[in-house]
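Colleague: I am new to this model and would like a close look at a single part of it, taken slowly. Could you take the charged side chains that pair up, and then place them in their surroundings?

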Amino acid sequence: DKKRSVFARLAEQLNKQKWVSAAKAIRSTAMPILKITAVVENTRIPLDITFDSPSHRGLSTRAFVRGLCSEYAELVPLTLVLKQFLVTKGLNDPYRGGISSYGLVLMVVSILQ
């Protein structure tokens with residue numbers, strides 16, 4: 001369909017950028033995602049990009065998480081430490097059986113409450 005072809009074309013265009021070492025459109029998930037590996041000063045940075053849609057409210061979720069960060073000063077450092085731990089164990093990618101950053105934030109907030 002048209003939406004998916006735009007999605008694939010965006011991945012193709014990203015692959016042409018100097019700062020992108022890999023970009024792949026994954027359409028087989030519940031929420032289509034662009035998985036990108038950026039390279040900045042010889043550091044590889046994995047990025048997952050989704051788009052706002054009726055089943056995914058990225059902008060409102062961002063505002064919600066920012067509010068949680070304001071309410072719980074410990075949230076950011078705890079989440080970052082746990083996220084790094086998950087990276088070392090290969091459990092940071094929900095598409096490979098790990099947990100998303102958003103899921104991790106919600107779990108940390110649950111404990112802080």
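Colleague: To begin with, which residue forms a salt bridge with Asp48, and how many Å apart are the closest N and O atoms?

Modeller: Please keep in mind throughout that this is a predicted model. The partner of Asp48 is Lys35, and the closest N and O atoms of this salt bridge are 2.9 Å apart. The pair links distant parts of the chain, since Lys35 lies in strand 2 and Asp48 in strand 3, with their positions 13 residues apart in numbering. Asp48 counts as partly exposed because its relative accessibility is 42%, a value that falls between the limits of 20% for buried and 50% for exposed.

The structure holds two salt bridges, and the other one also involves Lys35: Asp93 pairs with Lys35, the closest N and O atoms being 3.3 Å apart. Here too the pair links distant parts of the chain, with Asp93 in the loop between helix 3 and helix 4 and Lys35 in strand 2, 58 residues apart. Both Asp93 and Lys35 are buried. Through the shared partner, the salt bridges join Lys35, Asp48 and Asp93 into one network. As a general point, side chains of opposite charge can pair when their charged atoms come close.

From this network one can move on to the largest pocket, because Asp48 is one of the residues that lie nearest its centre, along with Leu47, Lys83, Ser100 and Ser101, out of 37 lining residues. The elements that give two or more residues to this lining include strand 2 and strand 3, and also helix 3 and helix 4, while helix 2 gives the most, with six residues. The volume of the largest pocket is about 1,200 Å³, and its lining is made up of 19 nonpolar, nine polar and nine charged residues.

Strand 3 leads on to one further feature, a nonpolar surface patch of about 540 Å² made by Leu10, Trp19, Val40, Ile45, Leu47, Ile49 and Phe51. Strand 3, which spans residues 43–49, provides the largest share of this patch, three residues. Ile45 lies in strand 3, and this residue counts as partly exposed because its relative accessibility is 34%. Leu47, already named among the residues nearest the centre of the largest pocket, is one of the residues that make the patch as well.

Notes. Residues numbered from 1 in each chain as written. Predicted model: local features only at pLDDT ≥ 70, side-chain atom pairs only at ≥ 80, totals over all residues. Heavy atoms only, no water. Patch = residues over 30% accessible without salt bridge, like charges linked within 9 Å, V, L, I, M, F, W, Y side chains within 5 Å. Areas by Shrake-Rupley, 256 points an atom, 1.4 Å probe, with all protein chains shown as cover. Salt bridge = Lys/Arg side-chain N within 4 Å of Asp/Glu carboxyl O. Helix = DSSP H or I, 4+ residues; strand = E, 2+ residues; numbered from the N terminus. Buried < 20%, exposed > 50% of the residue type's maximum accessible area, 1.4 Å probe, protein only. 1 Å grid on protein atoms, 1.4 Å probe; cavity = no way out; pocket = protein on both sides within 12 Å on 5 of 7 lines; lining within 4 Å. Points joined across faces, edges and corners; volume = space filled by probe spheres on them. Nonpolar A, V, L, I, M, F, W, Y, C, P; charged D, E, K, R; others polar.
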